[in-house]
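Open the model in your viewer and keep the selection panel handy. We will take it in a few stops, from the annotated region to the ligand.

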Amino acid sequence: MNAPALNEQRVTDADPVASAQQQVMAAGQFAAARGWVPATSGNFSARVDADRIVVTRSGADKGALTPADLAVVNLREPLPPGLSAEAPLHVARYLADASIGAIFHVHSPAAALASRRNARHGVLTLEGWELQKAFAGVTSHLAVLNVPVFANSQDTVALAAEVEARLQNQADLAPGYLLAGHGLYAWGRTGRETLRHLEAFDVLLQLQLEWERNPL
Ligand SMILES: CSC[C@@H](O)[C@@H](O)C(=O)COP(=O)(O)O
Ligand SMILES: [Zn+2]
């Protein structure tokens, strides 16, 4: 991981808004350096406290975020205008799982392609890869991990409801889901853990694509 992500540890808890902003800005740089957020795609959020998150505004260059590109949002109030078009997907995840500290969404080529390949099954199953252990709580390559795949939609309020209904009942859920032809949502307890999950997903999805194309 690059310097901004590692520096996250040094941000003081004294200012939880600044800490959340720092996590989001570092994640944007990390993702942009890897080509995962082309042309202003992607959106990023981090939890401030039980009721609030910091989330990117719509259309910002995710590789060059400043505090002005970030909004503090109350999870239990109507969303203000100008936020990421996909903010409802973030809000619904935080409300569903109090342990989530950060959610990062990227348009990496592997995620866009793997999601489209597996769209008709509604799930992509990872199994047999040592790197799965990069996901929190996974201790063996033998673990079977399901990554739900949803049809893409511009109605992100309806999509958020569909996603959360499915995730509640999804066994062996990996810390992320795919939107077909669109990209990946990943979460973790901290910004740093979520970046680790994003990086693991990227490699695992590349491996899975190659495996499906050319199994041994
Ligand atoms: C620039 S194309 C990608 C967008 O349509 C969207 O999917 C996205 O990820 C970013 O939207 P944003 O509203 O900036 O959060
Ligand atoms: Zn997107």
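**Stop 1: the annotated region.** Begin by selecting residues 22-209, where UniProt, in an unreviewed entry, places the feature "domain: Class II aldolase/adducin N-terminal". Keep in mind that you are looking at a predicted model. Colour that selection by secondary structure: over residues 22-209 the chain is 34% helix and 21% strand. The C-alpha atoms at the two ends of this stretch lie 33 Å apart.

**Stop 2: the whole chain.** Now zoom out to the full protein chain, which has six helices and eight strands. If you walk along the sequence, the elements come in the order α-α-β-β-β-α-β-α-β-β-α-β-β-α. Turn the C-alpha trace about its principal axes and you will find spans of about 50 × 35 × 30 Å. How does the radius of gyration of the protein chain sit against that of a compact globule? For 216 residues such a globule would have a value near 17 Å, and the protein chain, at 16 Å, agrees with this. Of those 216 residues, 40% are buried. Among contacts between residues at least 6 apart in sequence, 64% join residues at least 24 apart.

**Stop 3: helix α6.** Select residues 191-213, the 23 residues of helix α6. From first C-alpha to last, α6 reaches 33 Å, close to the 33 Å expected at 1.5 Å a residue. Show the side chains next; the buried residues of α6 include L195, L198, F201, L204 and L205, along with G191, H197 and D202.

**Stop 4: a loop residue that meets the helix.** Keep α6 on screen and add L131, in the loop between β5 (123-126) and β6 (145-150). Which residues does L131 touch, leaving aside those up to four places away in sequence? They are A200, V203 and L204. Draw a distance from L131 to L204: the two are 73 residues apart along the chain, yet their C-alpha atoms are separated by 7.2 Å. Is L131 buried or exposed? L131 counts as partly exposed, because it has 15 C-beta neighbours inside 10 Å, while a buried residue needs 20 or more.

**Stop 5: ligand 1.** Finish by centring on ligand 1 and displaying its surroundings: A39, T40, S41, G42, N43, T56, S58, G59, S84, A85, E86 and H105. Colour this shell by residue type and you will see two nonpolar residues, nine polar ones and one charged.

Conventions:
Residues numbered from 1 in each chain as written. Chains lettered and ligands numbered in written order. Predicted model: local features only at pLDDT ≥ 70, side-chain atom pairs only at ≥ 80, totals over all residues. Near = placed C-beta within 6 Å. Nonpolar A, V, L, I, M, F, W, Y, C, P; charged D, E, K, R; others polar. Helix = DSSP H or I, 4+ residues; strand = E, 2+ residues; numbered from the N terminus. Rg over C-alpha atoms; globule rule 2.2 N^0.38 Å. Buried ≥ 20, exposed ≤ 12 C-beta atoms within 10 Å, placed from the backbone. Contact = placed C-beta atoms within 7 Å. UniProt positions renumbered as here; feature names shortened; annotations may be inferred. Expected span 1.5 Å × (residues − 1).
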